[in-house]
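Please read this short report with the sequence and the model side by side. Follow each residue as it comes up.

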Amino acid sequence: MNTIFTEDTKTGDIIIKFPAASKLFKEYKIDFCCGGNRPIGEVIKSLQLEEKDLIKVLNIMYEQMQATEEVDWMNIPLTDLVNHIISHYHAQTRDLLEELSAFVSKVYRVHGERDTHLKEVYTQFFLLKDELEQHLLGEEQRIFPKIMEYDLNKSLDILEEARAEISILEEEHEGAGDILKKIRQATEDYSIPVNACNTYRLTYLKLEELESLTFDHIHLENNVLFRRL
């Protein structure tokens, strides 16, 4: 077995080279988006996981998946990358937020008196919804047009204008990640109550889907798109 990943490999770099590892990282609550610049060994130790075993599993999984063709996000045209982010992540995020608005509101209204944690879920979700909607719009109106213009004409002035927005967007990513952590904490890692109705169950499943989508989205921007700029 070839050792591709070591304890010094950063989590974000692992996902860039091996996107399928995101599922394993989510299972172990390893942050590869906002915390993508931390070495995997450091993260494993902080979470009190078995370092050698997990790194070995990553290398075995990568070796098994090498035959599968993956998109080379670090080298495709920037315009193609931006269009993928908009058509995939932005579109799905907006759809999920709209769908969850009704679900979260209904579950809180019907079950909130009994399950008092739902107030926190309701509050944090609508805070997240507002932040994400503004964030997506800001990306589409402010930075993405600059990136595509730079991709077309290689203007250094345009590149500097795009770079000036990155720190703002990364701070917004951190904020969204913090809210998602609060929702996960309030729901006890999306543990569905035994007597939960179908809407209750679906709400938790959709919230976890939103978390996963958002983390993948943040990773692709922080560790690929922004790094390339």
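## A residue to start from

Glu211 touches Leu180, Arg184 and Tyr190, leaving out residues up to four places away in sequence. Touching, or contact, means heavy atoms within 4.5 Å. Glu211 has its place in helix α8. It counts as buried, because its relative accessibility is 8%. Buried means under 20% relative accessible area, exposed means over 50%, and partly exposed lies in between, with a 1.4 Å probe and protein chains only. Glu211 and Val43 are 168 residues apart in sequence, and their C-alpha atoms are 20 Å apart in space.

This is a predicted model, where local features need pLDDT of at least 70 and side-chain atom pairs count only at pLDDT 80 or more, while totals for chains, interfaces and linings use all residues. Residues are numbered from 1 along each chain as its sequence is written, and side-chain values use heavy atoms, with hydrogens and water left out.

## The overall build

How many helices and strands does the protein have? It has eight helices and zero strands. Along the sequence, the pattern reads α-α-α-α-α-α-α-α. Helices (H or I, at least four residues) and strands (E, at least two) are DSSP runs, numbered from the N terminus.

The C-alpha atoms fill a box of roughly 55 × 45 × 30 Å, taken along the principal axes. The radius of gyration is 19 Å, which agrees with the value near 17 Å for a compact globule of 229 residues. This radius is taken over C-alpha atoms, and the globule rule is 2.2 Å times the number of residues to the power 0.38.

Of the 229 residues, 45% count as buried. Among contacts with a separation of 6 or more, 75% join residues 24 or more positions apart.

The protein exposes about 12300 Å², and carbon and sulfur atoms supply 49% of that area. Accessible areas come from the Shrake-Rupley method with a 1.4 Å probe; for residues, only the protein chains shown count as cover.

There are 26 positive and 43 negative charges, and their mean positions are 4 Å apart. Lys and Arg count as positive, Asp and Glu as negative; His and the chain ends are not counted. The place of a charge is NZ of Lys, CZ of Arg, CG of Asp or CD of Glu.

## The nonpolar core

In soluble globular proteins, nonpolar side chains tend to be buried together. Here, the largest nonpolar core has 64 residues, and Ile147 and Leu225 touch the most other members. Each of the helices α1 (11–17), α2 (22–27), α3 (40–46), α4 (51–65), α5 (78–111), α6 (118–153), α7 (156–186) and α8 (198–228) supplies at least two residues of this core. Which helix gives the most to this core? It is α8, with eleven residues. A nonpolar core is a set of buried Ala, Val, Leu, Ile, Met, Phe, Trp, Tyr and Cys residues joined through side-chain atoms within 4.5 Å.

Look at Ile147. Beyond its neighbours within four places in sequence, Ile147 is in contact with Leu78, Val82, Ala162, Leu225 and Leu229.

## More buried residues

Go back to α8. Thr214 is in this helix, and so is His217. The table lists contacts beyond four places in sequence.

| Residue | Relative accessible area | Contacts |
|---|---|---|
| Thr214 | 3% | Leu132, Leu180 |
| His217 | 5% | Ile85, Tyr89, His90, Thr93, Leu136, Glu139 |
| Ala21 | 0% | Ile14, Ile15, Leu58 |

Ala21 sits in the loop between α1 and α2. Is Ala21 buried or exposed? Ala21 is buried, because its relative accessible area is 0%. Ala21 and Arg94 are 73 residues apart in sequence and 25 Å apart in space, C-alpha to C-alpha.

## Two loop residues

Now move to the loop between α7 and α8. Glu188 is found there, and Asp189 is found there too. Glu188 is not a glycine, yet it has a positive phi of about 55°. Asp189 is not a glycine either, and its phi is positive at about 60°. Glu188 is exposed, because its relative accessible area is 59%. Asp189 has 40%, so it counts as partly exposed.
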